[in-house]
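Open the structure in your viewer and keep the selection tool at hand. Each stop below names what to pick and what is there.

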Amino acid sequence: MKFSSGQLLKTITKVNPMQNPIPKLVIHPSSSTPYKFLHCAAVSSPHPPSGSMEASENTLRQSLSDKQVAVDAQANAVRDLKAGGAAKDAVDAAVAALNSLKLEKSSIENQLQAVLLTSNGGGGDASVSKEAFRQAVSNTLERRLFYIPSFKIYRGVAGLFDYGPPGCAVKSNVLAFWRQHFVLEENMLEVDCPCVTPEVVLKASGHVEKFTDLMVKDEKTGTCYRADHLLKDFCKEKLEKDLTISAEKAAELKHVLAVLDEFSAEELGQKIKEYGITAPDTKNLLSDPYPFNLMFQTLIGPSGLTPGFMRPETAQGIFVNFKDLYYYNGKRLPFAAAQIGQAFRNEISPRQGLLRVREFTLAEIEHFVDPEDKSHPKFPEVAELEFLMFPRELQVSGQSAKKLLLGEAVSKGIVDNETLGYFIGRVYLFLTSLGIDKERLRFRQHLANEMAHYAADCWDAEIECSYGWIECVGIADRSAYDLRAHTEKSGVALVAHETFAEPREVEKLVITPVKKELGLAFKGNQKMIVEALEAMSEKEAMEMKAILESKGEVEFYVCTLEKNVVINKKMVAISKEIKKEHQRVFTPSVIEPSFGIGRIIYCLYEHCFYTRPSKAGDEQLNVFRFPPLVAPIKCSVFPLVQNQQYEEVAKEIAKSLTASGISYKIDITGTSIGKRYARTDELGVPLAITVDSTTSVTIRERDSKKQIRVSVGEVASVVKEVTDGQSTWEDVLWRYPSHSSGSADE
């Protein structure tokens, strides 16, 4: 795994077992890349290849354990010699042997630390470097008002943030490009639905019952924590920082991390007690885990008789409008509906800045498709894309993500179907166009235990930042679950139709639950069992029919009950009938890409941030290298000196920029031009116009600091050409005379 802040991590190998190495942290700023952190440590062997990383870790842990036993034994021998009044030569020889063993132990510790740094993406001083980098980014973002804690003068509320002017501009630009890249390109139907949602809608979707996280409380202070986060943090810290744990214990902790999402409340509580995990702030004992619903509840209307919730996602507004959207689209499939809006989740313990908040912006697409035909006519446009993919087979076998051709991933069945693959490719192009580093972007397939029972396939676009790999986009084939759930609850058929040119004789599966028998056997659970029986696929139903005919009863797993029940042949009738049909009525499947806009923007901030030395070399200057597409301000306008004529030219240029729809920042203060450049570089402004004559001006590019000279009349069109993406800076560089000036430096 790469260093989790996305920076380059190198370990310099020095074979010198007689020295106890001291890790050093060196920060190398660069004008073309973000921070590079080099963790220099002396180790006695190079890193093993990734395939043998786990074996090397286990071997080193066992060696360290054995060496500790030897050290303890030799220390006891030294004490015994001293207590017994042994000769000085014998004591000195024993002490020398003890020191030699300690050096050998230290060498093994260094080797193990190096392996942990590579396999876990951080630890030791690397953790410090990640924290330092993150703090530098956060300080800059808050100081320049990209975002700040909400209600700051009242000490704020965890998980709530305000976007300031540059943050709003970046967000607006990201959303504008999202609309262009998806809504316009794919001819989607955009809707805007209320944030307040009646309870009945979210009951049908399953959110009221199951949209929960397991929570524990500090038994003395009442402070709440997410139970799985506490266990996850404990396991990761042990694995990354505790060199004394055995290979067996390390394997156990890794297994816990792998199956953490599967733990029930009881299993989670058992592990917390077993590992002695206490409240992080007070070290007090914790309560047993219990479910906490993450939705904000409210009452609609003054009577309080209509319960509701602030929506936890935007998707349900699209699903309940499917029938009208289907008619609007001329009763044709496939089609997609899209929505951008606020969503709300009452997080138990918000943390990690913009990554885990209580109110956030989602951009979601629901692509409705015939479940019998999930091909996509535009899939060839993305089939040749190659990028990091992390299929479940690689995860289960302990391997790393690797680059795959998207077309091959679909043809080999790694990705379930073309439509899902097409959206994976489009998401990749969207994120990399924004400025996300393609080497720190991967698509991870959900493990079997992560997916809902109804889902055909799910992938997450994960972006690597200083917090590790962060899920920023989910792309899921949700089958027909959502429309079926709302059809059943509302009584309105959310279906599509395919009219046949000629009537067809078709063999239809008929599943008829015998409600009387099921009611007698299962009482209050009858409804859920009926639903599960009716939702069976043809294959499942025919297998059940065969077993019932041969054995008289069969065990049947009911997802909503999370257990097996015994069904006998009196409880259900399964048959196939030949019917003549003029049309096919079916519930469409849904492919859903869901974008966490705040998470994407935060990762973009980290990927675009770097520092470079000032002209004098006495300080490091912060720079955001935003692509013009998302830069909050497209250019700045500076008169070189305070001069009435120059200021008039600057105002004339500002008017032409406004007329061209280009955002700009004008600065006519007397501050040195270098300092003004530095101020706008820190905001990520890609171009700076300096007025140093009444007929022509210079345009400076932020990252290269190269300048060209352009006539006053042309300047707006040149800036628009570059910021709209019609030309690159390199394209215009050779068309106009270059300009050299020391003022280009800060």
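Start with one residue pair in this predicted model. Select Thr212 and Asn293: Asn293, in β9, is the bridge partner of Thr212.

**The small sheet**

Now widen the selection to strand β7, residues 212-217. Four bridges join β7 to β9, and the two strands run antiparallel. Add β8 to complete an open sheet of three strands. The order is β8-β7-β9, with antiparallel pairing. Colour the edges next. They are β8 (224-226) and β9 (290-293), each of which pairs on one side only. Look at the twist: neighbouring strands of this sheet are turned by 50° against each other on average, direction ignored.

**The helix across it**

Select residues 227-241, helix α7. This helix lies across β7 and β8, and runs at about 65° to β8. Measure the helix from end to end. Its 15 residues reach 21 Å from the first C-alpha to the last, close to the 21 Å expected at 1.5 Å a residue. Which residues of α7 are buried? Show side chains for Ala227, Asp228, His229, Leu230, Leu231, Cys235, Leu239 and Glu240. These are the buried residues of α7.

**The largest nonpolar core**

Move on to Phe430. Leave aside its neighbours within four places in sequence, and Phe430 is in contact with Val174, Phe177, Trp178, His181, Phe182, Phe595 and Ile600. Phe430 and Trp178 are among the residues with the most contacts inside the largest nonpolar core. The others are Leu431, Phe443, Phe595 and Tyr605. This core has 71 residues. Select helix α14, residues 418-434, for the largest share of the core: nine residues.

Then leave this core for another one that lies apart from it. Pick Ile653, Leu687, Val710 and Val722, which are among its 24 residues. In soluble globular proteins, nonpolar side chains tend to be buried together.

**Zoom out**

Show the whole chain. Its C-alpha atoms fill a box of roughly 95 × 85 × 55 Å, taken along the principal axes. Colour by secondary structure: the chain has 23 helices and 31 strands. Switch to burial. Of the 746 residues, 50% count as buried. Turn on the surface. The chain exposes about 35500 Å², and carbon and sulfur atoms supply 52% of that area.

Finish with a contact map. Among contacts between residues at least 6 apart in sequence, 69% join residues at least 24 apart.

Technical notes
Residues are numbered from 1 along each chain as its sequence is written. This is a predicted model: local features need pLDDT of at least 70, side-chain atom pairs count only at pLDDT 80 or more; totals for chains, interfaces and linings use all residues. Side-chain values use heavy atoms; hydrogens and water are left out. A nonpolar core is a set of buried Ala, Val, Leu, Ile, Met, Phe, Trp, Tyr and Cys residues joined through side-chain atoms within 4.5 Å. Buried means under 20% relative accessible area, exposed over 50%, partly exposed in between (1.4 Å probe, protein chains only). Contact means heavy atoms within 4.5 Å. Two strands pair if DSSP finds at least two bridges between them. Axes are lines fitted to C-alpha atoms, for helices over the stretch in contact, and angles run from 0 to 180 degrees between N-to-C directions. The expected span of a helix is 1.5 Å times one less than its number of residues. Accessible areas come from the Shrake-Rupley method with a 1.4 Å probe; for residues, only the protein chains shown count as cover.
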